[in-house]
Amino acid sequence: MEVFLKKIAEQYDGTIQVNESTWYNGHAYMPLFIYTLEFNENNLKLKFKYEFRKSEFENSTSIDGGIFGDRHIFEFTANNSEKEFPNFLVEHLSIFKCIFLKNKLPFQVKCKSKEFSNIILNNHNLKEMMSFVSIDSEFSPNIYGKTDKDIYNLKILFLTKKVQYNLLEHSFKFLKIFK
């Protein structure tokens, strides 16, 4: 992960911070690593936080389904104080909603602006991000944008069983439409 973040930090002249500590899982203290990357691109201030919670059960088994495995928690935050965008929410659709709504995409965008909704729906990077739902059962992202005190805030939050670098690259690229 450090190599991946250093590459992005060099590309955008960003700063990386790494914190190591422990977390208590109920009966033992386990390693906890938190990586933070911050950089600016044009008028967009980006912050990426990755939290790796090591567990006793590194490899998931068919019995536990990975419930006791390692946790990889990701949070992307982008702030833009110079441009305004409509508020929106990307909602992952269950398989039943996809069938009943006859939706070809596994997600929908809730937004008052139809034009902006279509831009997000047709974004290649968002489609690639949402395709990870079929790869990782724990991947259920929260993606939303809203204006608060004249600053547009965009957040992408998710957790995965394993680090998926393609997913991270698509997430960074998706944020760039808000610059």
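So, Asp150 is exposed, with a relative accessible area of 63%. Keep in mind that this is a predicted model. Where along the chain are we? Asp150 is found in the loop between β7 and β8. And Asp150 has a positive phi of about 65°, although it is not a glycine. Why point that out? Well, most residues other than glycine have a negative phi.

Asp150 has company here. Lys149 lies in that loop too, between β7, which is 142-148, and β8, which is 151-160. Its phi is also positive, about 55°, and again Lys149 is not a glycine. Is Lys149 buried or exposed? Exposed, because its relative accessibility is 74%, and the cut-off for exposed is over 50%.

Okay, let's walk out of the loop into β8. Leu157 sits in this strand. With a relative accessible area of 25%, Leu157 is partly exposed. What does Leu157 touch, leaving out residues up to four places away in sequence? The answer is Phe74, Glu75, Ser140, Pro141 and Asn142. Take Ser140 from that group: it is 17 residues from Leu157 along the chain, and their C-alpha atoms are separated by 8.6 Å.

Glu75 is worth a second look, since it brings us to the salt bridges. Side chains of opposite charge can pair when their charged atoms come close. How many salt bridges does the count give? Two. In one of them, the side chains of Lys155 and Glu75 meet, at 2.8 Å from N to O. Lys155 is in strand β8 and Glu75 is in strand β4, residues 71-80, so this pair ties together parts that are 80 residues apart in sequence. As for how open they are, Lys155 counts as partly exposed at 21% relative accessibility, and Glu75 counts as partly exposed at 23%.

The other salt bridge is between Lys110 and Glu91, with the closest N and O atoms 3.5 Å apart. This pair links distant parts of the chain, with Lys110 in strand β6, residues 107-111, and Glu91 in strand β5, residues 88-92, 19 residues apart. Lys110 is partly exposed too, at 42% relative accessibility.

Now jump over to helix α1. Which residues of α1 are buried? They are Phe4, Leu5, Ile8, Ala9 and Tyr12. If you look down the axis of α1, these buried residues fall within an arc of 130°, so they line one face of the helix. It helps to remember the geometry: an α-helix has 3.6 residues a turn, so residues three or four places apart point the same way. On the other side of α1 you'll find Val3, Lys7, Glu10 and Gln11, which are exposed. And what does the buried side pack against? It packs against β1 (15-24), β2, β3 (44-53) and α5. Oh, and just after α1 there's Asp13, which takes a positive phi of about 55°.

Next, a pocket beside that helix. The second largest pocket has a volume of about 160 Å³. Two elements each give two or more residues to its lining: α1 (2-12) and α5 (165-175). Which one gives the largest share? That's α1, with five residues. The full lining is Phe4, Lys7, Ile8, Gln11, Tyr12, Glu169, Phe172, Lys173 and Lys176. By class, that lining has four nonpolar, one polar and four charged residues.

Some of those names come back in the cavity. The count comes to one cavity of 30 Å³ or more, and about 30 Å³ of space lies in the largest cavity. Its lining is Tyr12, Phe39, Glu41, Leu46, Phe172 and Lys176. Sort these residues by class and you get four nonpolar, no polar and two charged.

Let me finish with one of those lining residues, Glu41. It lies in strand β2, residues 29-41. Glu41 counts as buried because its relative accessible area is 13%, and buried means under 20%. Leaving out residues up to four places away in sequence, Glu41 touches Tyr12, Lys176 and Lys179. Tyr12 and Lys176 are also in the cavity lining, and both of them line the second largest pocket as well. So that's a good spot to zoom in on when you open the structure.

How values were computed: Residues are numbered from 1 along each chain as its sequence is written. This is a predicted model: local features need pLDDT of at least 70, side-chain atom pairs count only at pLDDT 80 or more; totals for chains, interfaces and linings use all residues. Side-chain values use heavy atoms; hydrogens and water are left out. Helices (H or I, at least four residues) and strands (E, at least two) are DSSP runs, numbered from the N terminus. Buried means under 20% relative accessible area, exposed over 50%, partly exposed in between (1.4 Å probe, protein chains only). Contact means heavy atoms within 4.5 Å. On a 1 Å grid over the protein atoms alone, a cavity is a set of points where a 1.4 Å probe fits but cannot get out, and a pocket is an open set with protein on both sides within 12 Å along at least five of seven lines; lining residues have an atom within 4 Å of a point. Grid points are joined across faces, edges and corners, and a volume is the space filled by probe spheres set on the points. Ala, Val, Leu, Ile, Met, Phe, Trp, Tyr, Cys and Pro count as nonpolar, Asp, Glu, Lys and Arg as charged, and the others, Gly among them, as polar. A salt bridge is a side-chain nitrogen of Lys or Arg within 4 Å of a carboxyl oxygen of Asp or Glu. The arc is that of the directions from the helix axis to the C-beta atoms.
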